[in-house]
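Student: Could we go through this structure together? I would like to begin with a single residue and work outwards.

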Amino acid sequence: MARLGDLVVPLACAGCGARGVVLCPGCRALLGDPWRCERGAPRLDRTDGLPPLPVWALAALRGPVHGLVVAWKDGGRRDVDAALAASMLAAGETLAVALREVTCRVDVVPVPSSPRSTLRRGCVPVVGLAAALSAGLRASGVGARPDARVLRRRLGVRDQAGLGRDARGHNLAGALVARPTESDVPVLVVDDVLTTGATLAAVHDTLARAGRSVLGAVVLAATPLAPGTLAPAFPSCPGT
Ligand SMILES: [Zn+2]
């Protein structure tokens, strides 16, 4: 007969699998100071000569960080929410220094998940990241407010899974809706990962069409790129 202890799934690091911890110190340390990562995302390139949307990442999307993100998003590891939120809060405190140069207020907008993903997960994990980033920004003097109602996904749009790169971009662009608003508060977008940039490009276009000024985005992790591409400042913000 199995003992009770054998029936309990042993606690393991969501990143590397080390026994006995939710997130081991080594994996936790991989989520560090935010760095500019948009140059590694080909779909963020603009054809009008303007620079791509600035995106900051806390980690490179590889090794244990990749495992951590998958476990957190799709493996039901809600027990790492607090650690990820703490890292996002610290990132907000860091980014506030540059953000204060261009604005004193910002709306922090999480990228919405598809209705199917939300149903499967029972929550939208990135909403917690947006709240934590906002708290960090406020702690360092920026009037930040998380607002998950700014963007939503249309119902009845095809799931992204199984679509090619170009089809994903077109599909997503048609799937997002921005809430009409008269607000002139600029937006900082929050998402879990940056890979090709197709999602953030669609988010940026949707918000811009709704008249929102998008300062940039913050993600947990991004596809690694060559070092030396850091740019510390936010672009100038129209109207502030
Ligand atoms: Zn670990």
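Tutor: Let us begin with Arg62, which counts as exposed because it has 12 C-beta neighbours inside 10 Å. Please keep in mind that this is a predicted model.

Student: Why does 12 lead to "exposed"?

Tutor: A residue is exposed if 12 or fewer other C-beta atoms lie within 10 Å of its own, so Arg62, with 12, falls in that class.

Student: Where in the chain does Arg62 lie?

Tutor: Arg62 is in the loop between β2 and α3. Its C-alpha atom is separated by 8.6 Å from that of Ala222, although the two residues are 160 apart along the chain.

Student: What about the chain as a whole: how many helices and strands are there?

Tutor: There are 8 helices and 8 strands. The chain has 240 residues, of which 38% are buried. If one takes contacts between residues at least 6 apart in sequence, 75% of them join residues at least 24 apart.

Student: Back to α3, please. Which of its residues are buried?

Tutor: Pro64, Val65, Leu68, Val69, Ala71 and Trp72 are buried in α3. They lie on the same side of the helix, because they cover an arc of only 165° around the axis.

Student: Why would residues spaced like that point the same way?

Tutor: An α-helix has 3.6 residues a turn, so residues three or four places apart point the same way.

Student: And what covers those buried residues of α3?

Tutor: The covering elements include the helices α2, α4 and α6, together with the strands β2, β7 and β8.

Student: How far does α3 reach, and what comes after it?

Tutor: Helix α3 runs over residues 63–74 and reaches 17 Å from its first C-alpha to its last, close to the 16 Å expected. Just after α3, Gly76 takes a positive phi of about 70°.

Student: New topic: how do α4 and α6 pack?

Tutor: Their axes are 6 Å apart, at an angle of about 40°, and the two helices are therefore oblique to each other. The crossing of α4 past α6 is right-handed.

Student: Which residues meet there?

Tutor: Among them are Leu84, Met88 and Leu95 in α4, and Leu129, Leu133 and Leu137 in α6. Those three residues of α6 are also among its buried ones, as are Pro125 and Val126.

Student: Lastly, what follows α6?

Tutor: Gly141, just after α6, takes a positive phi of about 95°. Helix α6 itself has 15 residues and reaches 22 Å, close to the 21 Å expected.

Note on methods
Residues numbered from 1 in each chain as written. Predicted model: local features only at pLDDT ≥ 70, side-chain atom pairs only at ≥ 80, totals over all residues. Helix = DSSP H or I, 4+ residues; strand = E, 2+ residues; numbered from the N terminus. Expected span 1.5 Å × (residues − 1). Buried ≥ 20, exposed ≤ 12 C-beta atoms within 10 Å, placed from the backbone. Arc of directions from axis to C-beta. Contact = placed C-beta atoms within 7 Å. Axes fitted to C-alpha atoms, helices over the stretch in contact; angles between N-to-C directions. Parallel < 35°, antiparallel > 145°, perpendicular 65-115°, else oblique. Left-handed = near helix turned anticlockwise from the far one by under 90°.
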